[in-house]
Each structure stands twice: as C-alpha cells, then as structure tokens.
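Trainee: I should like to learn how to read the features of a model of this kind. May we take them one at a time?

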Amino acid sequence: MDRAAVEDWIRAHVEPVGVIEIAHQRPWATVLRVPLAGGVAWFKACSPVQAFEPRLTAELSARWPDRVAEVLGHEEERAWLLLADAGTPIRVFGNPPEVWLAALPPYAELQRGEARHTHEHLAHGVPDLRVAKLPARYEELLQRDLPLESYEIDRLRAFAPRFTNLCGELAAYDLPETVQHDDLHHANVYSQGERLRLLDWGDASISHPFASLVVTFRFLDEINKLPPGDPWFARLRDAYLEPWGRGLTGAFALAIRVGSFAHTFAWARQRDQLPEAARLEFDRRFPIVLRRAIAQTRE
C-alpha cells in the first residue's frame, strides 16, 4: 500500500486534524484511523480477495443509509473505502440478544430489497454461493488439504450425496438469493444512540439469505454460552423471518444446515489467498468452522 497516495486520497474526502494511524492490519485488509474535528473516520484498503467490498458497501449505504455505515468515499479500482464512524460495536455491551432482536428485522428487509440487485453484485465480484453452486463447492472442499482428522474428512465425504439432496430441498422453497453478510456477529454491528448499523461486508456473498444467522448463532453459543435449546434462538429466528412471511421455519432450519457448509467454502476461499505464514494462524480457527459444519452431518 502506497501510504502517501492513501493519505492524499483521504485528504481529498475529509480534513484530518491529526496523525492518520494504523488501527489494524490483516492479510485481507488494512484499516487506518483518521482523526477529524468532529470525531473520526475509518479508511480500509482491501486485498484482492475482498476487493468487491468498497463498491458493495457504497451501494448498500446509498440504498440503506439507516442500517449501513455512511460511506465518505470509495474507489473500486484500488479497493479503497472511507467510512464515517458508526459508533460502538455491540461486543462492548457483551453481545446482548436484545440488540439482535432489533437488528435482524431491518437486515432482513435489506436482503429482500437487494434481491433485485443480485446479478449486479455478482458482476462486480461478490462471491457466488448460490444454492445451485454449493454441491460443486462441496466437492472442491473435499479436494483440499483440510486441517482435520482423517475420520472427520471421511464423514464429510460420506455426507456429500446427502448435502446435494439438502441443497435441492432448500432450493425448492424458491426464496430469492441475495446479499448475505456471512460475518454477522457482535464486532460488526455498531450502535450509535438508538441506531444500529452493519459494517464489514468483506466476507459477504450472494447466497441463501437465511444462512446469515449461522455466524450470529455461533457467537451467541460461544460468547454468550446459550445452550442449543435456549428460547433466544427461536425468538431471534422469528424476528428475522417476520419480514419474509409465514411458514418458513422449516426453510430456516434447512438453510442453517446448508449454510454451515457454505460458510466453510467462504473460509476456504479466504485461505487460498493467504501467504503460508498467515495460513498457519488461519488454520488455528478454521477447524472450529469446519467442525461446526461436520456437526450438521448428524441426522
């Protein structure tokens, strides 16, 4: 990243009042903190694997300004993005389920509205994880050198025909495929007063919308320690489904099951782009995602 060029670009959009500093640096993106007279802005330079994010974020922000962070500037060619501050991540408050109860229905409305832009998003590089594509992605996963035990890989292989059938069952509901955040957890929902906004669309794909809650539910399990039968899961499911209509709890359960595998395909795509040193660190977390999918092979 050409730091001088970046700072010139930032100054063309806002007026910093102090030193522009690195907030964090990852293999897939670098984020800079930009101090402003009225607060702060955030610059993000995306790596090629997430190069679609600036344009996608700008499109979503333009159409859904009440639920996506304000975009102060973006450049598709260089994959640069400048965001206004969106407040405080809800992880600071402990990931309260009550906040998800408020955040999920507006997110579902966004997804419904974005369904008409699906082909546009695909044409600009948003990854294609539509249900019809997933059986082939499953076979691709099986060809990889996965950080799993041999018996776990055997379970994945044995489940392949059943996975294809599940995809067919899910497709039969004929729900519109649309943008799916795929990283919808407590670090990517921000609170500013009573307003909640979604950030960090770099893991998004075009897929089955209901699969969004795979990650949300994972973190309620891991962070909040909610047991599988906790009533909050049903409450959040129902709140999310309300904008979609009635009679979709079966589709939701199926989408969570299929989506658990689609989530591993997204992780594998990220892994492919990493240098060897970064891949070693990545593989400390990847098995967690893989094993949560493997758990879905049980009937």
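Trainee: In which strand does Thr30 lie?

Mentor: Helices and strands are DSSP runs numbered from the N terminus (H or I of at least four residues for helices, E of at least two for strands). Thr30 belongs to strand 2, residues 29–36. The model is predicted: local features need pLDDT of at least 70, side-chain atom pairs count only at pLDDT 80 or more, and totals for chains, interfaces and linings use all residues. Residues are numbered from 1 along each chain as its sequence is written, and side-chain values use heavy atoms, with hydrogens and water left out.

Trainee: Is Thr30 buried or exposed?

Mentor: Buried means under 20% relative accessible area, exposed over 50%, and partly exposed in between, with a 1.4 Å probe and protein chains only. Thr30 has a relative accessible area of 9%, so it is buried.

Trainee: With which residues is Thr30 in contact, leaving aside its neighbours within four places in sequence?

Mentor: A contact requires heavy atoms within 4.5 Å. With those neighbours within four places left aside, Thr30 is in contact with Met1, His24, Gln25, Phe43, Lys44 and Ala45.

Trainee: Where is Lys44 found, and what polar contact does its side chain make?

Mentor: Lys44 is found in strand 3, residues 39–46. Lys44 has a relative accessible area of 12% and is therefore buried. A polar contact is a pair of N or O atoms within 3.5 Å; within protein, one must be able to donate a hydrogen and the other to accept it, and residues adjacent in sequence count only if both atoms are side-chain atoms. The side chain of Lys44 makes such a contact with the side chain of Glu53, at 3.0 Å. Beyond four places in sequence, the contacts of Lys44 include Thr30, Glu53, Ala79 and Asp200.

Trainee: Ala79 appears there. What is its phi?

Mentor: Most residues other than glycine have a negative phi, and most peptide bonds are trans. Ala79 has a positive phi of about 55° although it is not a glycine. Ala79 is found in the loop between strand 4 (71–75) and strand 5, and it is buried, with a relative accessible area of 4%. Asp174 also has a positive phi of about 55° and is not a glycine. Asp174 is found in the loop between helix 6 (150–171) and strand 8 (178–180), but it is exposed, at 67% relative accessible area.

Trainee: What volume does the largest pocket have, and which residues lie nearest its centre?

Mentor: On a 1 Å grid over the protein atoms alone, a pocket is an open set of points with protein on both sides within 12 Å along at least five of seven lines, whereas a cavity is a set where a 1.4 Å probe fits but cannot get out; lining residues have an atom within 4 Å of a point. Grid points are joined across faces, edges and corners, and a volume is the space filled by probe spheres set on the points. The largest pocket has a volume of about 1,100 Å³. Its lining comprises 40 residues, of which His24, Trp28, Asp183, Asn188 and Asp200 lie nearest the centre. Helix 9 gives the most to this lining, with 4 residues.

Trainee: How many residues of each class does the lining of the largest pocket have?

Mentor: Ala, Val, Leu, Ile, Met, Phe, Trp, Tyr, Cys and Pro count as nonpolar, Asp, Glu, Lys and Arg as charged, and the others, Gly among them, as polar. The lining of the largest pocket has 21 nonpolar, 8 polar and 11 charged residues. The second largest pocket holds about 600 Å³ of space. Its lining has 15 nonpolar, 4 polar and 5 charged residues, and helix 9 gives the most to it, with 7 residues.

Trainee: How many aromatic pairs are there?

Mentor: A pair of aromatic rings is described by the distance of the centres and the angle of the planes. Rings of Phe, Tyr and Trp (its six-membered ring) pair if their centres lie within 6.5 Å; planes under 30 degrees apart count as stacked, over 60 as edge-to-face and the rest as tilted. The count is 20 aromatic pairs. Tyr240 and Phe252 form a tilted one, with 6.4 Å centre to centre and 55° between the planes. Tyr240 lies in helix 8 and Phe252 in helix 9, so the pair ties together parts that are 12 residues apart in sequence.
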